[in-house]
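Me: I am new to this structure and would like a close look at a single part of it, with the surroundings brought in afterwards. Could you take me through one stretch slowly and carefully?

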Amino acid sequence: MEAVKQYDHIRVEKNPEKKTATIVFDRPEKMNYISMLARSQFPEIFDELNKDDDVRVIIIKGEGDKAFSAGGNIPEFLEVHQEELSHLAVNVAAPERSPKPVIAQLQGYTFGVGFEIAMACDFRIAADDTLLALPEMNLGMIPGSGGTQRVAKAVGLTRAKDMIMRARRIPAEEAYQWGLITKVVPKEELESAVDSLVEELVNFSPLALKVCKQVLNAADETPLSAGIEIEGKSYGLLRTTEDFKEGVEAFVEKRKPNFKGK
């Protein structure tokens, strides 16, 4: 695995064979808490990976076996100006803006900004020991990096209020039933479950995945009629690509397509 660049307790690794890049929250002795500096570096990390054509899928995980991330460095919040705090959600949304599929590999404590980052990803594969929480009410605060909005849209107001206003810790299986998690697996199968999903995704056209992600994200923010129009125009655009031609020819010839992102 190729190490790329060292950030503030975030390690980025590329695996050319698997066509992946893995972003690792690397502070296991502190449950992988994410500093303000690390949050500010998040868009830069994704900008670099988004431009790398050899990276087809991005994975985010936590170092060690106890936590994806237990959240932020709480004392730092008293040192940061309120104007800076109001923009944290933009940094955390970097996985959502990425044109590539992003998988959150969850285990153990997935709290606060850790959970908010996971919610900005496309897929959340969780070990069965995962606990999800937005515990900011315990600090006299609310989630500030997209947590209230993404959770409410994912599960509805009733469950969002039950979770966030009570600072509840939601176990993996309950979170799966709510629709917060894509899949729950035994902890010892977590790596293989993520690998299996990666293998599926890298076999699709990267262009089609990019457009599909954009269209699906738009569905969350636009009226049905506008969303259908966006879908139709995107469908027509993909008709002009070499990948689509390759997909049709492979289907007719009963072989596996070789998509090149063109």
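Reply: A good place to start is His9, which sits in the loop between strand S1 (2-6) and strand S2. Everything described here comes from a predicted model. In that model, the phi of His9 is near 55°, a positive value in a residue other than glycine. His9 counts as partly exposed, because its relative accessible area is 33% and the partly exposed class lies between 20% and 50%.

After this loop comes strand S2, which covers residues 10-15 and is mostly covered, with 6 of its 6 residues buried. In a regular strand, the side chains alternate between the two faces of the sheet. For S2, Ile10, Val12 and Lys14 lie on one side, while Arg11, Glu13 and Asn15 lie on the other. Both of these faces are covered, and the residues named on each are all buried.

The neighbour to look at next is strand S3 (residues 20-25), which runs antiparallel to S2 and is joined to it by 6 bridges. Within this pairing, Arg11 stands opposite Val24 in S3. The two strands form a hairpin with 4 residues between them, and Lys19 has its place in that loop between S2 and S3. Like His9 before it, Lys19 is a residue other than glycine with a positive phi, here near 65°. Lys19 is partly exposed, with a relative accessible area of 34%.

Charged side chains add a further layer to the picture of this strand. Side chains of opposite charge can pair when their charged atoms come close. Arg11 and Glu13, both on one side of S2, belong to a network of salt bridges that also takes in Asp26 and Glu63. Across the model, the count comes to 16 salt bridges.

Some of the other salt bridges can be set beside this network. The side chains of Glu191 and Lys61 meet in one, at 3.1 Å from N to O. That pair links distant parts of the chain, since Glu191 belongs to helix H9 (residues 190-202) and Lys61 to strand S4 (residues 57-62), 130 residues apart. Glu191 is partly exposed, at 41% relative accessible area. Another salt bridge joins Arg168 to Asp162, with N and O 2.6 Å apart, and here Asp162 counts as partly exposed at 22% relative accessibility. Glu48 and Lys51 form one as well, with their closest N and O atoms 3.8 Å apart. Of these two residues, Glu48 is partly exposed at 44%, whereas Lys51 is exposed at 61%.

Returning to the start of the chain, one residue of a helix deserves a mention. Gln41 lies in helix H1 (residues 36-50) and, leaving aside residues up to four places away in sequence, touches Tyr7 and Asp8. Gln41 counts as buried, because its relative accessibility is 15% and the limit for burial is under 20%.

Finally, for a view of helices rather than strands, helix H10 (residues 206-219) packs with helix H11 (residues 224-238) at an angle of about 175°, their axes being 10 Å apart. H10 is therefore roughly antiparallel to H11. Among the residues making this contact are Leu207 and Val211 of H10, together with Ile230 and Leu238 of H11. The residues of the contact divide into 7 nonpolar, 1 polar and 1 charged.

Methods
Residues are numbered from 1 along each chain as its sequence is written. This is a predicted model: local features need pLDDT of at least 70, side-chain atom pairs count only at pLDDT 80 or more; totals for chains, interfaces and linings use all residues. Side-chain values use heavy atoms; hydrogens and water are left out. Axes are lines fitted to C-alpha atoms, for helices over the stretch in contact, and angles run from 0 to 180 degrees between N-to-C directions. Angles under 35 degrees count as roughly parallel, over 145 as roughly antiparallel, 65 to 115 as roughly perpendicular and the rest as oblique. Contact means heavy atoms within 4.5 Å. Ala, Val, Leu, Ile, Met, Phe, Trp, Tyr, Cys and Pro count as nonpolar, Asp, Glu, Lys and Arg as charged, and the others, Gly among them, as polar. A salt bridge is a side-chain nitrogen of Lys or Arg within 4 Å of a carboxyl oxygen of Asp or Glu. Buried means under 20% relative accessible area, exposed over 50%, partly exposed in between (1.4 Å probe, protein chains only). Two strands pair if DSSP finds at least two bridges between them.
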